[in-house]
Amino acid sequence: MEAKENGSVDTKSSVENGQLTDPAHWAVVDVVNYFKATGFEEQANAFQDQEIDGKSLLLMTRNDVLTGLSIKLGPALKIYEYHVKPLQTQHLKSNVS
């Protein structure tokens with residue numbers, strides 16, 4: 001697993017048949033493990049503390065991530081832009097088709 005400069009990584013966690021499983025089915029521990037696997041070990045604890053499961057993750061807004069998790073601004077921006085937002089988009093696309 002290699003970290004990219006933008007804060008995202010290629011992760012193999014929560015992967016089924018070569019694709020990420022639907023985050024809507026993730027438990028809190030799956031969300032925490034996802035963020036740990038993507039290089040945000042310290043910040044993953046905030047998801048644990050706030051009991052963010054997959055359904056909650058998919059409902060999070062940018063403001064929720066930036067202010068509701070009490071994590072530093074830089075990592076919070078990367079988490080939202082490179083992980084939360086793409087997971088939300090992927091979930092929407094998979095449920096529309």
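At what angle do α1 and α2 pack, and how far apart are their axes? The angle is about 165°, and the axes lie 8 Å apart. Here the axes are lines fitted to C-alpha atoms, for helices over the stretch in contact, and angles run from 0 to 180 degrees between N-to-C directions. This report describes a predicted model, in which local features need pLDDT of at least 70 and side-chain atom pairs count only at pLDDT 80 or more, while totals for chains, interfaces and linings use all residues. Residues are numbered from 1 along each chain as its sequence is written, and side-chain values use heavy atoms, with hydrogens and water left out.

## Overall organisation

The protein contains 5 helices and 2 strands. Read from the N terminus, the order of the elements is β-β-α-α-α-α-α. Helices (H or I, at least four residues) and strands (E, at least two) are DSSP runs, numbered from the N terminus. Of the 97 residues in the protein, 41% are buried. A residue is called buried when its relative accessible area is under 20%, exposed when it is over 50%, and partly exposed in between (1.4 Å probe, protein chains only). Contact means heavy atoms within 4.5 Å. Among the contacts with a separation of 6 or more, 50% join residues 24 or more positions apart.

## The pair α1 and α2

The angle between these helices makes α1 roughly antiparallel to α2, a description used for angles over 145 degrees (under 35 degrees counts as roughly parallel, 65 to 115 as roughly perpendicular and the rest as oblique). Their crossing is right-handed. A crossing has this hand if the near helix is turned clockwise from the far one by less than a right angle, and is left-handed if anticlockwise.

On the α1 side, Val28, Val31, Val32, Phe35 and Lys36 take part, and they meet Glu41, Ala44, Asn45, Phe47 and Gln48 of α2. Sorted by class, this contact has 6 nonpolar, 2 polar and 2 charged residues. In this sorting, Ala, Val, Leu, Ile, Met, Phe, Trp, Tyr, Cys and Pro count as nonpolar, Asp, Glu, Lys and Arg as charged, and the others, Gly among them, as polar.

The buried residues of α1 are Val28, Val31, Val32, Tyr34, Phe35 and Ala37. Tyr34 belongs to this helix, which spans residues 28-37, and counts as buried because its relative accessible area is 5%. The C-alpha atom of Tyr34 is 9.5 Å from that of His83, although 49 residues separate the two along the chain. After α1 comes Gly39, whose phi is positive, near 95°.

## The nonpolar core

Which residues have the most contacts inside the largest nonpolar core? They are Phe35, Phe47 and Leu57, in a core of 22 residues. At least two residues of this core come from each of α1, α2, α4 and α5. A nonpolar core is a set of buried Ala, Val, Leu, Ile, Met, Phe, Trp, Tyr and Cys residues joined through side-chain atoms within 4.5 Å.

Leaving aside neighbours within four places in sequence, Phe47 is in contact with Val28, Val31, Val32, Phe35, Ile52, Leu57, Met60, Leu69 and Ile79. With residues up to four places away again not counted, Ile52 touches Val28, Val31, Phe47, Leu57, Met60 and Leu69. Ile52 is placed in the loop between α2 and α3, and is buried, because its relative accessible area is 11%. The C-alpha atoms of Ile52 and Val32 are 8.4 Å apart, with their positions 20 residues apart in sequence.

Gln43, in helix α2, is also buried, with a relative accessible area of 13%. Beyond residues up to four places away, Gln43 touches Ile71, Pro75 and Ile79.

## Residues in the loops

Two residues that are not glycines have a positive phi, as the table shows.

| Residue | Phi | Loop | Relative accessible area |
|---|---|---|---|
| Glu51 | about 55° | between α2 (41-49) and α3 (54-59) | 60%, exposed |
| Ser70 | about 55° | between α4 (62-68) and α5 (73-96) | 67%, exposed |

Thr61 lies in the loop between α3 and α4, and counts as partly exposed because its relative accessibility is 38%. From Thr61 to Val84 the C-alpha distance is 8.7 Å, while the two are 23 residues apart in sequence.
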